[in-house]
Structures are given as structure tokens and as C-alpha cells.
Protein chains: 2
Amino acid sequence: MKVNKYRDRVEEKLNDYLPKSGELADSIRYSVIDCGKRFRPILTYTIADIYKEDISLFDSSACAVELIHAYSLIHDDLPAMDDDDVRHSKPACHKEFSEAQAILTGDALQAFAFSIITNDNKIEQSIRLQCVQQLSNASYEMALGQAIDMSIMSRTVDIDILENMHSKKTGALLRCAVNLGATISTKCSPKDMRILDSFSKSIGLAYQIQDDVLDILVSEDVLGKKQNSDIEKNKPTYPSLLGMDNSQIMLNEYYDKAIDSLDKLSVDAERLINLTRKLQSRGF
Amino acid sequence: MKVNKYRDRVEEKLNDYLPKSGELADSIRYSVIDCGKRFRPILTYTIADIYKEDISLFDSSACAVELIHAYSLIHDDLPAMDDDDVRHSKPACHKEFSEAQAILTGDALQAFAFSIITNDNKIEQSIRLQCVQQLSNASYEMALGQAIDMSIMSRTVDIDILENMHSKKTGALLRCAVNLGATISTKCSPKDMRILDSFSKSIGLAYQIQDDVLDILVSEDVLGKKQNSDIEKNKPTYPSLLGMDNSQIMLNEYYDKAIDSLDKLSVDAERLINLTRKLQSRGF
């Protein structure tokens with residue numbers, strides 16, 4: 001399975017990119033290195049794989065998307081936000097350092113993500129520009145999604161509001177991870193880009209419903225963060241709106257839809273399908 | 001004086017760029033529209049002016065640099081950071097809305113700044129890419145500068161540490177405002193770019209020393225934020241290290257040095273000199 005190879009690669013590249021000394025280097029490395037599922041960069045690399053591209057062209061974007069994800073988790077965990085003390089089975093950034101340092105670490109990581117894409121001279125300028133365009137739009141959407149999430153806490157909402165929130169909060173960056181891969185690949189046609197965009201929308205939704213389900217089913221030591229945190233915060237979730245069984249049916253339907261949408265792709269999508277199935281069976 | 005024209009222009013363009021509805025639109029507009037001295041975008045526009053360029057090519061960068069500045073103020077004012085309740089003579093973003101919303105408003109503004117540059121189709125792609133490169137580097141430096149600022153609170157430091165902190169916290173973005181203008185101008189030679197970079201370094205330092213001085217001399221109703229906030233927070237400043245008189249001499253020397261450095265510029269720098277003199281005599 002290539003997933004492990006890609007996970008190792010993103011780890012190595014992040015390690016190379018991130019500052020090794022100076023202000024915030026400790027808190028940046030603490031929050032990024034050796035933690036997280038790396039699902040977003042693995043997606044980007046898998047797109048490179050199915051188009052048989054030179055994988056080194058995808059490093060900066062794969063890492064940048066992971067850094068935007070990492071920054072969002074640091075800010076989401078802050079006391080004023082979701083107030084979570086544990087992340088990746090260790091104290092959250094603001095607990096290990098301070099709230100001020102956690103805010104600045106997130107801020108610095110967001111800027112750094114754009115910086116590493118623009119500085120990647122291996123990639124044609126127009127492509128780099130498109131990548132920054134996509135990533136900045138996704139990062140903006142993500143902040144809006146988190147704002148909706150905060151605003152609906154303890155409120156009764158319908159499934160459309162929940163879906164809108166998640167399509168921004170989680171979906172935008174997942175789609176971006178796929179679209180960055182499709183943008184950098186010279187062999188990915190406009191038709192394939194549309195197919196992959198549709199694929200990424202479906203897995204974005206499936207992934208979030210699954211997160212809601214796992215939050216209830218899985219213990220803290222496996223999850224790496226607090227169990228039942230949604231219920232305790234009175235957050236509307238798919239299980240709270242649809243029930244557990246229907247949520248599980250729904251997430252499997254979205255994963256199936258994602259895989260079905262790959263049928264018409266111009267290249268062999270086996271590795272992307274395998275990754276999706278692996279994701280579908282994830283336990284945390 | 002063209003300064004007022006540029007101030008009106010950046011106001012109008014920010015108004016056009018920023019979202020008018022949706023999540024965070026209120027707090028984004030509250031924190032950006034009709035407030036601030038707009039010194040950074042005015043600098044960018046003045047570079048366009050001395051090279052007699054089409055000013056509309058500078059709108060996205062002028063606004064982007066102001067948005068990065070605005071986001072940094074929102075985060076700096078947070079209770080976990082400088083804990084300032086008043087900004088631009090009104091409640092700080094986190095007082096008017098909430099801490100969570102202020103964090104997200106800053107996050108969204110940072111992403112939005114990169115987005116408006118990358119989406120500006122009037123500008124050649126390679127230039128847009130350079131602008132994002134410069135702005136992301138400056139934004140990253142700024143976060144490091146604020147981290148130093150937090151770490152030296154209540155500590156005795158020497159003038160080198162103070163200067164390093166300010167060159168990152170305030171200087172990087174001021175330099176960027178000038179360099180963005182120089183980058184977009186097709187008539188600005190590499191030699192002129194070096195001269196302008198040196199000019200911007202000097203005014204960056206002068207500006208910060210002046211901020212420290214004004215914090216002591218000027219009352220809250222003129223300053224638009226709390227007077228003596230540095231002293232109350234036990235922050236090392238130029239006046240606390242060098243005394244008030246020496247600080248004033250030093251800031252004037254830096255302004256003079258900035259103006260002297262423009263002597264060798266290939267174009268008439270009168271408007272840039274006038275702007276610098278205006279800045280030197282600012283009262284808030």
C-alpha cells in the first residue's frame with residue numbers, strides 16, 4: 001500500500017520545510033511533526049500517482065494543505081473556540097505553550113503554507129498561482145465554516161445548515177487537496193478535474209459524517225482527542241439529527257458515490273479507490 | 001496632497017472587495033472599513049505615483065497589505081495577547097463580537113488578502129506570484145515579531161533585541177507595502193528597488209519608535225487606543241531603553257535617513273518625500 005510511503009514522504013518534507021530554530025519553531029514543530037493522519041497530503045500524492053507524475057512536484061502543495069489543516073486545529077482547540085485540551089494524544093498547543101503562542105503559531109503556519117507554494121521553483125509560475133488561489137479560497141471558506149460551527153452550538157438546526165457548515169469547515173480543504181493534485185498534474189484533463197472535484201465533494205461529506213460517528217463510538221486513547229466532545233458541547237451532528245444508524249448508512253452511501261464517480265476517469269483510479277475504501281474503514 | 005485621494009481609494013476598494021453578507025461579513029467590515037490610517041496602502045499607491053503607473057494595478061496589493069495589517073491588530077488585541085479593549089476609537093473586535101469571532105475574523109482576513117492578489121487578472125501572473133511571495137513572507141515575519149514581543153514582556157532587553165522584534169513585527173509589512181509597489185511597477189529598476197527597500201527599512205524603524213513615543217505623549221481620544229499601554233504592560237520600548245529625548249532624536253534621524261536614501265532614485269521622489277515628512281509629523 002502506497003499510503004504509508006506517502007505518509008513518510010509528507011513527514012520528511014514537512015520536516016525539511018519547517019523552521020528548525022527561531023521564534024515559534026518549537027510550537028510549530030510540536031503541532032505539525034509526527035502527528036495527524038496526513039489524509040489531505042496523501043490525497044494530493046495519490047492524484048499524482050494515478051496520473052504517473054513526478055511526485056516531487058506535489059510536495060509543496062501536499063505540505064501546504066497539511067499546514068493549513070494544522071493551523072485550523074490549533075485555533076479550533078483554543079479556549080475561546082472549542083476549548084479542547086488534547087490533540088493527537090498530547091496536550092493541545094495552547095496547553096503545552098500558551099494561548100498567545102498558539103494563536104501566533106496558527107497565524108504563522110497559515111502564512112507559511114502560502115510561502116512554500118510560491119517559493120517552489122520546480123513548478124511553473126501559472127500553476128503555483130492557481131494553487132495559491134485554490135488554497136487561499138479554501139482557507140477562507142474554512143474560517144467561515146468554523147464560524148457557522150460556533151454559531152450553531154446549542155441550537156437546533158436542519159440538515160442543510162449542517163451540510164453547508166461542513167462543506168466549508170471540512171469539505172473545502174479536502175476538495176482543495178484533490179484539486180491541487182489535479183491542477184499540478186499536466187495529464188489531468190478538464191473533464192477529469194470535474195470528476196475529481198465531484199469525488200472530493202462526496203468524500204468531504206462522508207469524512208465529516210464519519211468524524212461525528214467516531215466521536216461517539218471511539219475512545220479517547222484511539223481517537224487522540226476527547227470522546228463525546230460534540231455531545232458535551234451540545235453541537236448538532238449527523239447522529240444527533242439523523243440517528244446513528246442513518247448516519248452510518250449515509251456516510252457509506254457518500255463513499256460509494258465518491259468511488260462510482262471515478263468510473264469515467266481517463267486513468268486507472270485503483271489507488272484512489274483503495275485509499276477511499278481505507279478511509280471508509282478508518283477507526284479514528 | 002494626494003494622500004487623501006489614496007485614502008479614499010483604498011476605502012472604496014476595500015469596500016468593494018470585502019464580503020457584504022454571509023458569516024463573518026459583519027466582523028470583517030467592522031474591523032476594516034472606515035478605520036485606520038491606511039498608511040501601508042498609501043505607501044503602495046505613492047510608489048505607483050512616482051513611477052506614473054496605472055494606479056488600478058496597485059489596488060489588490062494595497063488592499064491586501066492593509067488586510068494583513070487589520071488581521072494582525074485583531075489578533076494582537078485579544079485577551080491572551082495584548083488584551084486591548086479599544087481599537088480605532090471603538091471596542092476591539094473581540095469586545096464587539098466575541099473572542100472566537102475575532103480569532104476567525106483575523107484568520108479569514110489573512111486568507112482573503114492572498115486571495116484578492118491571486119484573483120487580480122489585470123496583473124501578469126509572474127508579478128502576482130511575486131506579490132504573494134512577498135506578502136506571505138512578511139505576514140510570517142510579523143507573527144514571529146509578535147511572538148518576540150510577547151516573550152520580552154516584563155523583561156530587560158537590549159536595543160538589538162528591540163530592533164529585531166520591531167523589524168519583524170512592524171517593519172516587515174511596511175517594507176512589503178513599498179516592495180509590492182516596486183514589484184508591480186514595470187518602470188522600477190532593480191537599482192531603484194534596492195533604494196526603495198533601504199528607504200522602507202528606515203521608515204519602518206522610525207515609525208515604530210514614533211509609535212512608542214506617541215503611546216506616552218498622546219491621549220486615548222487622539223490615539224484611538226489606550227494611552228500608556230506599553231508602560232502598563234511593562235513592555236520594553238525605545239523611550240524606556242533610551243529615554244524620551246533620545247528616542248525622538250533617533251526617530252527623526254531614521255526619517256532623515258529614509259529621505260536621503262531617495263536621492264539616487266531614477267524618478268522624482270517628491271511625493272514620497274512629502275508622505276514621509278507628513279508621517280514624521282503625525283500625532284497618532
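Hi everyone, let me start in a small corner of chain B. The residue B:Arg38 sits in the loop between helix 2 (25–32) and helix 3 (39–50) of chain B. Its backbone is a little unusual: B:Arg38 has a positive phi of about 60°, although it is not a glycine. To see why I point that out, remember that most residues other than glycine have a negative phi. Is B:Arg38 buried or exposed? B:Arg38 is buried, because 21 other C-beta atoms lie within 10 Å, and the cut-off for buried is 20 or more.

Before going on, a word about what we are looking at. This is a predicted model. For chain A the mean pLDDT is 93, and 99% of the residues reach 70 or more. For the complex, the predictor gives an ipTM of 0.94 and a pTM of 0.95.

Now let's compare our arginine with a residue in chain A. A:Ser89 is in the loop between strand 1 (86–87) and strand 2 (90–91) of chain A. A:Ser89 also has a positive phi, near 55°, and is not a glycine. This serine is exposed, because there are 12 other C-beta atoms within 10 Å, and a residue with 12 or fewer counts as exposed. So here are two loop residues with positive phi: B:Arg38 is buried, whereas A:Ser89 is exposed.

For something in between, go to chain B again. B:Lys90 belongs to strand 2 (residues 90–91) of chain B. B:Lys90 counts as partly exposed, since it has 14 C-beta neighbours inside 10 Å. From the C-alpha of B:Lys90 to that of B:Asn137 is 31 Å, and these two are 47 residues apart along the chain.

Let's step back and take in chain A as a whole. How many helices and strands does chain A have? There are 14 helices and 2 strands. The C-alpha atoms of chain A fill a box of roughly 50 × 45 × 30 Å along the principal axes. What would we expect for the radius of gyration of a compact globule with 284 residues? The answer is near 19 Å; chain A has 18 Å, so the two agree. Of those 284 residues, 52% are buried. And if you take contacts in chain A between residues at least 6 apart in sequence, 72% of them join residues at least 24 apart.

A good example of a covered piece is helix 4 of chain A. All 18 of its 18 residues are buried, so this helix is largely enclosed by the rest of the structure. We can check its length too: at 1.5 Å a residue, its 18 residues should span 26 Å, and the end C-alpha atoms are 26 Å apart, which agrees.

One residue to click on there is A:Ser61, in helix 4 (residues 59–76) of chain A. A:Ser61 counts as buried because it has 33 C-beta neighbours inside 10 Å. Which residues does A:Ser61 touch, leaving aside those up to four places away in sequence? They are A:Thr44, A:Ile117, A:Cys131, A:Leu180 and A:Ile184. In contrast, take A:Val218: its C-alpha is 31 Å from that of A:Ser61, and the two are 157 residues apart along the chain.

Now for the place where the chains meet. The contact takes 37 residues from chain B and 37 residues from chain A. On the chain B side, helix 6 (99–118) and helix 7 each supply at least two residues. Which helix gives the most? Helix 7 of chain B does, with 16 residues. Sorted by class, the side of chain B that touches chain A has 19 nonpolar, 14 polar and 4 charged residues.

Helix 7 of chain B deserves a closer look. Running over residues 125–151, helix 7 has 27 residues, which at 1.5 Å each should span 39 Å; its end C-alpha atoms are 39 Å apart, so that agrees. This helix is mostly covered, with 21 of its 27 residues buried.

Last, how do the two copies relate? A rotation of 180° with 0.0 Å of shift along its axis superposes chain B on chain A, with an RMSD of 0.0 Å. The copies are therefore related as by a two-fold rotation axis. In chain B, the C-alpha nearest that axis belongs to B:Leu129, 2.9 Å from it. The same surface serves both copies, and 100% of the contact residues of chain B recur in chain A.

That's my tour, thanks for listening!

Definitions and conventions: Residues are numbered from 1 along each chain as its sequence is written. Chains are lettered from A and ligands numbered from 1 in the order in which they are written. This is a predicted model: local features need pLDDT of at least 70, side-chain atom pairs count only at pLDDT 80 or more; totals for chains, interfaces and linings use all residues. Helices (H or I, at least four residues) and strands (E, at least two) are DSSP runs, numbered from the N terminus. The expected span of a helix is 1.5 Å times one less than its number of residues. Two residues are in contact if their C-beta atoms, placed from the backbone, lie within 7 Å. Ala, Val, Leu, Ile, Met, Phe, Trp, Tyr, Cys and Pro count as nonpolar, Asp, Glu, Lys and Arg as charged, and the others, Gly among them, as polar. Copies are superposed by least squares on the C-alpha atoms of residues with pLDDT of at least 70 in both. pLDDT is the predictor's confidence in each residue, from 0 to 100. The radius of gyration is taken over C-alpha atoms; the globule rule is 2.2 Å times the number of residues to the power 0.38.
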